[in-house]
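Ready for a few exercises? Take a look at the model below, then try each task before you read its solution.

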Amino acid sequence: MRRAALALLCLCLLLSGGCGSLPRAREMGDMALLRTMGVDAAGDGVEITASTGPRARGLAGEGEPSVLLSAGGESLSGACLAMQQMSDSYVFFGYVDQLLLGEELARSGVQPVLDYFARDRELGLGAQLWLIRGASAGQAVACGGEEGVDARLSTLRTDGEMGTAAVPRSAGEVWAGLLEQGCAFVPALSPEEGTLVQRGYGVLRDGRLAGWLDGLAARGLELLAERAPAEILTVRLPENTLSVKITGVRTRPSLAFQGERPVGLEVACQVEAELTEYRQRPGAAQLRQVQEMLEGQVRTRLERALEQLKAWGADCAGLGPRAALTHPGKWRHIQDQWDWWFEELDAQTAVEVTVHG
């Protein structure tokens, strides 16, 4: 009984703040639960900008504007501590699920940020990763105003998973790609007129931004990664105009060898597509024409992406490791030099399109 009474007394002291050496417990209303974080290079250090998104307070859940915080430091951990010290609320990083990296930071190197997210107790690599093009991450986080950008980013992620927006990438996927292959691709955004718009993909090589993929090259990257591009293709015939949406992609890379030496890379792409619009339903002969013209459009996209990725030596779609499955012994002899081989090898494409509907 005496032990139980003593334990109860200690608990009361903790809750009442009776022990001067212990911190006072904070109420949930005193916490700033961050959802979005932007990281930028700032001189020899970094600057972080973070947002809570819209908040609810009280039993009725009245809406309150998002909290926007910004702080700098010589390191990311130092900037996070400075942000904590600046806020009237307890800043909690455990809910951050959107990570934005500014273009200048991406050019100097993203690995320290990803490593920090991997090690920190509150943060993690499950956050969705975005590169900000032509602006700072701070500008991107702030462009959502009182509503914040969290809802917009969540919508883009969901649309990407459904194939109607850019392919979403988590920080963990990008981190793993950089560690295993030395390169990775990340969807890019730009703040424009108070919202975030898609701007293709940024390609990272050795942890730094190698360049951007736009337009047809971006669509080609999606095909290489076996993702249906977020676009409607148009085929114009003399007597008919048709619109087609790609619904499925299967891309199979293969390597040709002479002895132990690779001499060629082939990318075979099988595409399933559906008719979405037409002036008149195509017959069998016209459908074959449509498929042939679509094969040319798909091939152009693949070639544009391969041309740019080879120039950077960045096989961010993992073509080499995937092709290695049929030549595991020979792959072991070249995998450490694959970046160089990827640049040097002649890449051929083979495309087959099947249109339904």
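## Exercise 1: Around helix 7

The buried residues of helix 7 pack against helix 4, strand 9 (128-132), strand 10 (183-192) and strand 11. Helices (H or I, at least four residues) and strands (E, at least two) are DSSP runs, numbered from the N terminus. Before you start: residues are numbered from 1 along each chain as its sequence is written, and side-chain values use heavy atoms, with hydrogens and water left out. This is a predicted model, where local features need pLDDT of at least 70 and side-chain atom pairs count only at pLDDT 80 or more, while totals for chains, interfaces and linings use all residues.

**Task.** Find the buried residues of helix 7, then work out how helix 4 meets helix 7.

**Solution.**

1. Look for residues with under 20% relative accessible area, the cut-off for buried (exposed is over 50%, partly exposed in between; 1.4 Å probe, protein chains only). In helix 7 these are Ala171, Gly172, Val174, Gly177 and Leu178.
2. Now fit the axes, which are lines through C-alpha atoms, for helices over the stretch in contact; angles run from 0 to 180 degrees between N-to-C directions. The axes of helix 4 (residues 111-119) and helix 7 (residues 171-181) come within 10 Å, crossing at roughly 120°. That makes helix 4 oblique to helix 7. Angles under 35 degrees count as roughly parallel, over 145 as roughly antiparallel, 65 to 115 as roughly perpendicular and the rest as oblique.
3. List the contacts, meaning heavy atoms within 4.5 Å. Gln111, Leu114, Asp115 and Ala118 of helix 4 touch Ala171, Val174, Trp175, Leu178 and Leu179 of helix 7.
4. Sort them by class: seven are nonpolar, one is polar and one is charged. Here Ala, Val, Leu, Ile, Met, Phe, Trp, Tyr, Cys and Pro count as nonpolar, Asp, Glu, Lys and Arg as charged, and the others, Gly among them, as polar.
5. Finally, step past the end: Gly182 follows helix 7 and has a positive phi, near 80°.

## Exercise 2: A second helix pair

**Task.** At what angle do the axes of helix 8 and helix 9 cross, and which residues make the contact?

**Solution.**

1. The axes of helix 8 (residues 215-224) and helix 9 (residues 284-312) come within 7 Å and cross at roughly 95°.
2. That makes helix 8 roughly perpendicular to helix 9.
3. Helix 8 contributes residues including Leu216, Ala217 and Arg219, and helix 9 contributes residues including Val298, Arg301 and Leu309.
4. Count by class and you get 10 nonpolar, two polar and three charged residues.

## Exercise 3: Two strand residues

**Task.** Is Arg199 buried or partly exposed, and what does Arg199 touch?

**Solution.**

1. Find Arg199 in strand 11 (residues 195-205).
2. With a relative accessible area of 29%, Arg199 is partly exposed.
3. Skip neighbours within four places in sequence, and Arg199 is in contact with Arg133, Ala188, Leu189, Ser190, Glu192, Leu213 and Asp214.
4. Check one of these: Leu213 sits 14 residues from Arg199 along the chain, and their C-alpha atoms are separated by 8.4 Å.

**Task.** Now do the same for Gly73: where does Gly73 lie, and what does Gly73 touch?

**Solution.**

1. Gly73 lies in strand 6 (residues 68-73) and, at 25% relative accessibility, counts as partly exposed.
2. Leaving aside neighbours within four places, Gly73 contacts Gly45, Val46 and Ala79.
3. Gly73 and Val46 are 27 residues apart in sequence but 5.7 Å apart in space, C-alpha to C-alpha.
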